[in-house]
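These are my notebook entries on one structure. I set down each point as I looked it up.

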Amino acid sequence: MRIGVITFPGTLDDADAARAVRYAGAEAVALWHGDADLRGVDAVVVPGGFSYGDYLRAGAIARFAPVMGEVVRAVRGGLPVLGICNGFQILCEAGLLPGALLRNAGLHFVCRDQRLRVERTSTAWTGGFEAGAEIVVPVKNMDGRYTAEQSTVDELEGEGRVVFRYLGANPNGSLGDIAGISSADGRVVGLMPHPEHAIDELTGPSADGLRLFTSVLGSVLA
Amino acid sequence: MTATTHVDTVGHAAATPEVDQPYRELGLKHDEYTRIREILGRRPTDAELAMYSVMWSEHCSYKSSKVHLSYFGETTTEAMRSSMLAGIGENAGVVDIGDGWAVTFKVESHNHPSYVEPYQGAATGVGGIVRDILAMGARPLAVMDPLRFGAAEAPDTRRVLPGVVAGVGGYGNCLGLPNIGGEVVFDPSYQGNPLVNALCVGAMRVEDLHLAHASGTGNKVILFGARTGLDGIGGVSVLASDTFAGDEGGTGRKKLPSVQVGDPFTEKVLIECCLELFGAGLVVGIQDLGGAGLSCATSELASAGDGGMRVELDRVPLRAKGMTPAEILSSESQERMCAVVRPEDVEAFMDVCRRWDVIATEIGEVTDGDRLVITWHGETVVDVPPRTVAHEGPVYQRPVTRPADQTDLEADDPVVLERPHTPEALRAEILRMAASPNLASRAWVTEQYDRYVRGGTVLAQPADAGMVRIDESTGRGVAISCDCNGRYTRLDPYAGAQLALAEAYRNVAVSGARPVAVTNCLNFGSPEDPGVMWQFERAVHGLADGCATLGIPVTGGNVSFYNQTGHTPILPTPVVGVLGVIDDVRRRIPTGLGAPGDTLLLLGD
Amino acid sequence: MARVVVDVMPKPEILDPQGQAVANALPRLGFTGIADVRQGKHFELEVDDSVDDETLAKIAEGFLSNPVVEDFVVRRLPA
Amino acid sequence: MARVVVDVMPKPEILDPQGQAVANALPRLGFTGIADVRQGKHFELEVDDSVDDETLAKIAEGFLSNPVVEDFVVRRLPA
Ligand SMILES: Nc1ncnc2c1ncn2[C@@H]1O[C@H](COP(=O)(O)OP(=O)(O)O)[C@@H](O)[C@H]1O
């Protein structure tokens, strides 16, 4: 099983995402923003960071990269894609997930160990969790406030597409405490917290995040 | 083109010895200016004057501290030196930590810019120290930020503190470097002069160590990274307005802001680009551009090399129109590096830069002479012996006098203070302490810093030392702590510096790492104040003697003078950073109590 | 060459914490009578005369703003 | 009530990484002929008629902009 990890200029958590992929038992394949080529991978992770400095708007410039055209095409064929933090922002900008991520309500960068509830397990990336599981994963961002039109939020809630929800204090003012959502078919998932920073207790607050990466193995092999 | 007709060339300078030059406005003393004329055998050109004035500033030349800093060398034994691959004098010290790994670390101050513009000052402080580490050939791994502010409730602290914290975070977070520790201290003496120190640690394979020198005649000098603009020029604009009086609407160029704006995205790309260049073996020598910009980079590279250097200044990519040679040489535009590259490697070098969208320009070459010659559209505007600019600046033996109030201060003993005697009084005392700004939680600060990025952070807040893993296969890692108590140092600078060292040493030791090296950032008042120089000399001796006792060397550091409000200096603040090595980070000792039932032991007396 | 300005603002129904923070701070600084503040982005472009209004609208809509949460206005400045 | 707009821009000699990022991206998106882009902030204020121009300038200079690195322009919009 080969999982691609995209690097844009300004991507920061690509090495960490690749490490998480390896810890899960898959092969991590480096994908370059400028190459319109997914190198035959079975799934793609769009990692966190500040692509292009987030200077215009988080994810706004990265979504036009040649590699993203291939991602959009492959998603139509059911390729599992996980967007983490800046990756989530890029997927929203690219229209693969609805809504947008805006400046945190507190106007500061926030880095903390965040409790989350796994709300949906019927996605490519969360099949290995128990429904309703509570996990701890770091959140760290400047623009993490999930926002969408009310009708979109209603739709997401109605279809059970809210995948992760913040527990305890909402770190950024997200609507409905939404931390992560999925596409209708559950193949594309985006979340603000960083599961790749919670793959062992040595370098993270827990090993809970690893399960997203092991889940996708199950979903692809199934 | 008018730009060239106005330029003050070497020939013109030789022919016009009587021209009145604004050296005082540039911060040079009369005898320093005289010495420049002696060295050159004529008056300096505008561009030369700009170079000498920045390079001979206190900040770049260490002219007041040099005679004292040599004590670090005198007290370093061969045994202490044994694991040092590069020491004082390089961009940053380098230590061999075993298994073929080398680690480099350094603290620098960005105090004054951070008072003027807290966000950008702090941001560019982080950017600068990271480039220092990168220039050694290392991958930067983590940052720390020892900070000092005025009283917590003072109105100006409300302006400075949030800006500084946002700047440290804004730059470091965007660069992808975990923040693994620091300090936040409040004291009224820092009111008009906050301290913003930034530490960076990086690692490399021993064979990848790059030193800043330009050697090999015919090798090319390549400037790469951001374009050069008018930001951060400050004092040199007096040259522009003098020389160009009558230009630009008759008023000369208005005084330029000496503020630099950081672009962490460009720096992140520059880091990856540099590491790819190092990995491919395309770099002979490299120097970052920080304070004093190209003046510093060209003169230091040439001075440390075995030849001379020729630079065509008109090839430097600019961001502003009509910049003069003096302005280009003094610009402190951020996110730039200067490399020396073999001619046959230039094309491969450029390819890597293109891949990262980094602008790279060949601006000159290493020559077999011993002069640094800089031309502007074919005309020579600088022709100097580079050592006289970079390494042989003025050295002062400033007067040193124990401050008159020192005896009274020492006599003012804490035994006269009232102690709580009842449980209620003790309780009130503890609550008061817990609520005091110097002891309260730092979460408001540390929550704004990414401590997870790179996935190698093993200890960060609230631990006593930060710790990062360097080698994933073996678990080898380093721990760092930086500490200082300015109040102790004010009472006794010798003991205060040793206490700072001892605290940082202990913090590293209790994490499970073995302390191996020391860096420092010596923040003091004006060197022209004999009392301040006394504090400085005592602190240096205390630190050096302490290091000799502990058997670990000082591998580098930074001196920041003129930290004062009016005539009142800050508390003497020698921030000491200690680096430790741990063979396997899985054996770290986390902070805090263990499990219920564990035994608590107190060590020491 | 023409100078073009693009202003991008959060849609009225979208929470604007930056504008809010400014509005809340003003009375504390002694400035009264400011009922509301909203904060957006202001772009100034130097464009070739060949660039037509349709292209500018595309740039503003598809790139400088995010239509999910933002509105924009394009203005050509008199030379 | 009056509507007031304040535009805050990085000073011309100051590096503008945001504008630069936009300018560099445009050709990659297929938009040519944009020579330069600068990015700043755009504020829209609802103010009481009692608030005079001098007060507005004070707010813009002392609070909405950072005079060390930014310039500002205040405009009253026709009602
Ligand atoms: N400016 C800062 N940047 C990053 N970390 C900081 C900063 N200030 C304090 N910290 C971290 O917060 C924790 C608590 O700090 P402090 O209260 O100063 O600890 P101590 O009193 O044990 O030295 C430490 O881990 C320290 O490194």
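Entry 1, the ligand. How far does a backbone N or O atom of Gly182(B) lie from an oxygen atom of the ligand? I found a distance of 3.1 Å. I noted that the model is predicted, and I therefore treat this distance as a computed value. I then looked up two further contacts. A polar side-chain atom of Asp145(B) lies 2.3 Å from a nitrogen atom of the ligand, and a polar backbone atom of Glu183(B) is 3.3 Å from a nitrogen atom of the ligand. Taken alone, the ligand exposes 550 Å², of which the protein buries 75%.

Entry 2, the shell. I counted 15 residues around the ligand, and Gly182(B) and Asp145(B) are among those that come nearest. Strand 4 (139-149), strand 5 (179-186) and helix 19 (443-446) of chain B each supply at least two residues of the shell. Strand 5 gives the most, with five residues.

Entry 3, helix 13 of chain B. I recorded 12 residues (293-304) and a reach of 17 Å from the first C-alpha to the last, close to the expected 16 Å. Because 11 of the 12 residues are buried, I describe helix 13 as largely enclosed by the rest of the structure. Gly293(B), Cys296(B) and Glu300(B) are among the buried residues.

Entry 4, chains C and D. I found that a rotation of 180° with 0.0 Å of shift along its axis superposes chain D on chain C, with an RMSD of 0.2 Å. This is the relation of a two-fold axis. The same surface serves both copies, as 100% of the contact residues of chain D recur in chain C. Of the residues of chain D, Lys41(D) comes closest to the rotation axis, at 2.2 Å (C-alpha).

Definitions and conventions
Residues numbered from 1 in each chain as written. Chains lettered and ligands numbered in written order. Predicted model: local features only at pLDDT ≥ 70, side-chain atom pairs only at ≥ 80, totals over all residues. Heavy atoms only, no water. Helix = DSSP H or I, 4+ residues; strand = E, 2+ residues; numbered from the N terminus. Expected span 1.5 Å × (residues − 1). Buried < 20%, exposed > 50% of the residue type's maximum accessible area, 1.4 Å probe, protein only. Least-squares fit on C-alpha atoms with pLDDT ≥ 70 in both. Contact = heavy atoms within 4.5 Å. Near = heavy atom within 4 Å. Polar contact = N/O pair within 3.5 Å; in protein donor to acceptor, adjacent residues only side chain to side chain. Areas by Shrake-Rupley, 256 points an atom, 1.4 Å probe, with all protein chains shown as cover.
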